[in-house]
There are 2 protein chains.
Amino acid sequence: MKQPTICPRFEKAISLLSQRWTALVIYQLLSGTQRFSEIQSAIGISGKVLSERLKDLEHQDVVKRKVIPETPVVIEYSLTEKGHSLEPILREIENWSQLWVPPVTE
Amino acid sequence: MKQPTICPRFEKAISLLSQRWTALVIYQLLSGTQRFSEIQSAIGISGKVLSERLKDLEHQDVVKRKVIPETPVVIEYSLTEKGHSLEPILREIENWSQLWVPPVTE
DNA sequence: TTAGTTAGTTACTTTATGTAAGTAAGTATA
DNA sequence: TATACTTACTTACATAAAGTAACTAACTAA
């Protein structure tokens, strides 16, 4: 069964944002350029999957990768213009979460 | 590695929305009450996963389920108030997709 | 020579999803 | 009476995605 009646551009956007970890990676980069290991420890993603996601996002022109040949090598990840354009969506989610997700009591 | 520094309520919201199919199911229900098979054919999801998602969403008070004892039985799914409160997020995504996702040429 | 750094990759396991067939409860048809 | 048809699922099995932990390249420092 494969006959969706939903707008394909919307679907594409959803398939980007609803891939596991992708939204969190972008959200994390909203606060500025970050390195591989920073993103990794901030959101608790495995190196394997983070590596995959960053490659995807680079290919989709959402994320920029910059190699700094220090020692040891440093790689900086940041958002492109397209990446930044996702901010309003993430802010809406942030806002919604404050209104509708019960605070965690631990 | 599990030491995220991201707001747990935001993370919860993301984990809801970035679960595969969930956003599409909610989006589909934004246009009104629908039956199992309508949702299924509109977004191209398998019966198995749709059934799982609708149960989850019911438990999270995002979706309402109403049994109509006709013959054969009809089950109507619709959004709760919490479900409707997600509309701005989905509209942002919709809007973004029109601006940033290239039109499909087929 | 051994240890330490960052940004990954590899092999293997567990979980999630897809596919297709089957089920319950009822009506209609032959 | 038996067979077929409906909706809304569930089940069994196969494939794809994600988690875990160990490993690598290239270089420095001890």
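**Notebook: the chain A sheet and the surface near DNA strand C**

I started at Tyr77(A) and found Gln34(A) standing opposite this β3(A) residue. I note here that the model is predicted. Arg65(A) also stands opposite Tyr77(A) in β3(A).

Next I looked up the sheet around Tyr77(A). Three strands of chain A make an open sheet, and their order is β1-β3-β2. The pairing is antiparallel. I marked the edge strands as β1 (34-35) and β2 (63-68) of chain A. Each of these edge strands pairs on one side only.

Then I went through the pairs. How many bridges link β1(A) and β3(A)? I found two, in the antiparallel sense. For β2(A) and β3(A) I found six bridges, and these strands also run antiparallel. I checked the connection too: β2(A) and β3(A) form a hairpin, with five residues between them. As a reminder to myself, strands of a sheet pair through backbone hydrogen bonds.

I turned to the DNA. Which residues are closest to DNA strand C? From chain A, I listed Ser51(A) and Pro72(A). From chain B, I listed Arg20(B), Ser46(B) and Thr71(B). In total, 19 residues surround the strand.

I then asked which elements give two or more residues to this surface. Chain A supplies α3 (36-43), α4 (47-59) and β3 (74-79). Chain B supplies α4 (47-59). So that I do not lose the link, I note that β3(A) is on this list and pairs with β2(A) in the sheet.

Last, I sorted the surface near DNA strand C by class. I recorded eight nonpolar residues, seven polar and four charged.

Terms used
Residues numbered from 1 in each chain as written. Chains lettered and ligands numbered in written order. Predicted model: local features only at pLDDT ≥ 70, side-chain atom pairs only at ≥ 80, totals over all residues. Near = placed C-beta within 6 Å. Helix = DSSP H or I, 4+ residues; strand = E, 2+ residues; numbered from the N terminus. Nonpolar A, V, L, I, M, F, W, Y, C, P; charged D, E, K, R; others polar. Pairing = 2+ DSSP bridges.
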